[in-house]
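Student: Could you walk me through the spot where the ligand sits? I'd like a close look at just that part.

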Amino acid sequence: MPRWSPGNGEPLDRYLTRNGCGAWAWVHHLIHWGRVSVNGERCHRYHHRLAPGEVVALDGVPVADTPDRCVLICHKPVGLACSHGAQDAPLIYDIVPEALRHPNLETVGRLDRNTSGLLLLTFDGKFLQRVVAPERKQPKRYRVGYSGTLVADASERAAAGMMIDGYDTPCRPAELLFKTTDSNGLGRATVVISEGRHHQVKRMIAALGGHVERLHRDRIGGLDLPSDLEPGNIRIISAGERVALGAD
Ligand code: URA
């Protein structure tokens, strides 16, 4: 059983952060300065556990609970597994800051262990349905470094909807753009797909004659990986980022 859920046993500082009152350090200041009340009484305990129905206010103004807003944005580094299972690799959940952890937190789709880039996490099932339901066909953009030589009509094949290993129906049409070779001699390409088959980009590149050496996702829908989000960093998604995703 989860120890708490939004608005029910949730620590006061967590509630304030989740509902847009600021980052942890700032919220702790607000509580310390006596600007936060619970049911009309000033509360100085950061981790006061909120009972259902308790009203939290900042400077006397109630802070409304918006439980569906709990979505985290992460710059996944290479080397972490998007899984809860016991593995021989550290898990993405290990790097979620203590204050943002939740027993039902799940990644929104998965990136392979050796893939880096934009990853979302949430415990909000409605968000999952709204944003990543297959019928939404959200485009996901990957930067690929590959060895080998791709067939001359690779872009056309991707655009037409190509077959990949392990599946007996063609992929949805995808975009494949070539870039110049990088300094290590790897071919570079950008691939945009709108579905999430297992190892899809790696299998597409393999079917076209190459081998993926590096894979990085930098865009989901209209949301770019923020340039100030360093590898390994995780924070609550902003209102503007939710709009870019088409979540609201
Ligand atoms: N395609 C892959 O092959 N791997 C990923 O991690 C994501 C897309």
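Tutor: Here is the ligand site, from the contacts outwards. This is a predicted model, where local features need pLDDT of at least 70, side-chain atom pairs count only at pLDDT 80 or more, and totals for chains, interfaces and linings use all residues. Residues are numbered from 1 along each chain as its sequence is written, and side-chain values use heavy atoms, with hydrogens and water left out.

Around the ligand you'll find L111, D112, T115, Y142, H199, Q200, V201, K202 and L215, where "around" takes a heavy atom within 4 Å. By class that shell has four nonpolar, three polar and two charged residues; Ala, Val, Leu, Ile, Met, Phe, Trp, Tyr, Cys and Pro count as nonpolar, Asp, Glu, Lys and Arg as charged, and the others, Gly among them, as polar. Helix α5 (residues 200-207) gives the most to the shell, three residues; helices are DSSP runs of H or I, at least four residues, and strands are runs of E, at least two, numbered from the N terminus.

Now the polar contacts, meaning N or O pairs within 3.5 Å. The side chain of T115 puts an N or O atom 2.9 Å from a ligand oxygen. The backbone joins in too: an N or O atom of H199 lies 3.3 Å from an oxygen of the ligand, and a polar backbone atom of Q200 is 3.5 Å from one. Taken alone, the ligand exposes 240 Å², and the protein buries 95% of that (Shrake-Rupley method, 1.4 Å probe).

Definitions and conventions. Polar contact = N/O pair within 3.5 Å; in protein donor to acceptor, adjacent residues only side chain to side chain.
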